[in-house]
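User: Please take a close look at a single part of this model, starting from one side chain and following its surroundings outward. A connected account would suit me better than a list.

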Amino acid sequence: MSEPSFRAGFLAVVGRPNVGKSTLVNCLVRQKISITSRKSQTTRHLIRGILTTREHQFIFVDTPGFQIRHQSALNRLMNRAVTESLHDVDVVLCLVEAVRFGEGDRAVLGVLPRDRPVLLVINKIDQLTDKSVLLPYIERVSREFPFAEIIPLSASRGMGTEELLRAAGAYLPQCEPLFPGDEVTDRSERFLAAELIREKLFRRLGDELPYGITVDIEQFEEAAHLRRIHAAIIVDKPAHKPMVVGKQGEALKVIATQARLDMEKLFAAKVHLEVWVKVRRGWPDDERTLRSLGYE
């Protein structure tokens, strides 16, 4: 019997904070499953995005940005999630930002495996006003690690993504699909609801957003065309609560409305969403609390 021609496997998407990992995963799977913002460390969990084509099934593992500056229990768990994900994948996509390469990028290279293909993905090439600087940059960074391939692209514009899929697909093992062809993520609606609220917090509050903030879905009821969701926004200091609530509750109202609209689009159902703010002191450094909130 001839070998099957279909290829399927897992691809870890790694890099320092803010290089565009989640934007790339969303672009590749053609649906928003990972939240994005300009604030670093937006992604805190491993999120798998699935793209199935006629010849391949790519399972992209979107990882938190590898952090070298903050040493809370939360950051240690996120860094551990990155390193552990590298042991269970077939291909690694290492993202860097065009013509930028520093201490954070070099720290990521230090945890990359040597026993499987690592593709260097140079993101944000659309932001280069002088494209002639790209080739010297590629030559410099290629000396840092034995990359199997180097792919320049723009995740925000979808430029170069087909080249990335062709290159990465060749390294996947030959096997049957690992997930149904119509799935785009293995994460539950409950998880995605919390992520969408967190995204709106990041985008609404910007630089004012306290680092010690997360979302806990306390109740999730699912019917055919309706989701009833009760969510708590958790902050670790009393002073942070009014920042989230805003004057006369305006900020919280906007955050909840924007999150609800995104949920309705993603779930293809009406959403009844109730959101409030709770103070839970020191939660980013409490491993028991972190586990209860879904951090592993």
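Analyst: The starting point is Phe-267, which counts as buried at 7% relative accessibility (buried is under 20% relative accessible area, exposed over 50% and partly exposed in between, with a 1.4 Å probe and protein chains only). The model is predicted, so local features need pLDDT of at least 70 and side-chain atom pairs count only at pLDDT 80 or more, whereas totals for chains, interfaces and linings use all residues. Residues are numbered from 1 along each chain as its sequence is written, and side-chain values use heavy atoms, leaving out hydrogens and water.

A search of the whole structure yields three aromatic pairs (ring centres of Phe, Tyr and the six-membered ring of Trp within 6.5 Å; stacked under 30 degrees between planes, edge-to-face over 60, the rest tilted). Phe-267 belongs to one of them: with Phe-220 it makes an edge-to-face pair, at 6.5 Å centre to centre and 75 degrees between the planes. This pair joins distant parts of the chain, 47 residues apart, as Phe-220 sits in strand S7 (residues 213-222) and Phe-267 in helix H8 (residues 250-267) (DSSP runs numbered from the N terminus: helices, H or I, at least four residues; strands, E, at least two). Phe-220 is buried as well, with a relative accessible area of 16%.

From Phe-220 the path leads along S7 into its neighbour. S7 and S8 form a hairpin with three residues between them, and they pair in the antiparallel sense over nine bridges (pairing requires at least two DSSP bridges). Within this pairing, Glu-222 stands opposite Arg-227 in S8. S8 also pairs with strand S9 (residues 270-279): these two run parallel and are joined by ten bridges, with His-230 opposite Glu-274 in S9. Strand S8 (residues 226-235) is largely enclosed by the rest of the structure, because eight of its ten residues are buried.

On the other side of Phe-267 in sequence, the approach to H8 has a contrasting residue. Gln-248 is located in the loop between helix H7 (241-245) and H8. Its phi is near 55 degrees, a positive value in a residue other than glycine. Gln-248 is exposed, with a relative accessible area of 80%.

The interior can be followed further through the nonpolar side chains. The largest nonpolar core holds 52 residues, and Phe-60, Leu-93, Ile-197, Ile-233, Met-263 and Leu-273 touch the most other members (a core is a set of buried Ala, Val, Leu, Ile, Met, Phe, Trp, Tyr and Cys residues joined through side-chain atoms within 4.5 Å). Helix H6 (residues 189-205) supplies the largest share of this core, eight residues. Apart from it lies another core of 25 residues, including Cys-94, Val-118, Ile-122 and Ile-125.

Phe-60 opens a view of a further buried element. Leaving aside residues up to four places away in sequence, Phe-60 touches, among others, Val-25, Leu-28 and Val-29 (contact means heavy atoms within 4.5 Å). Those three residues are among the buried ones of H1, which also include Lys-21, Ser-22, Leu-24 and Asn-26. Since seven of its nine residues are buried, helix H1 (residues 21-29) is largely enclosed by the rest of the structure. Its cover includes strand S1 (7-14), strand S2 (47-52), strand S3 (56-62), strand S4 (91-97), S5 and helix H5 (161-169). Arg-30 follows H1, and its phi is positive, near 65 degrees.
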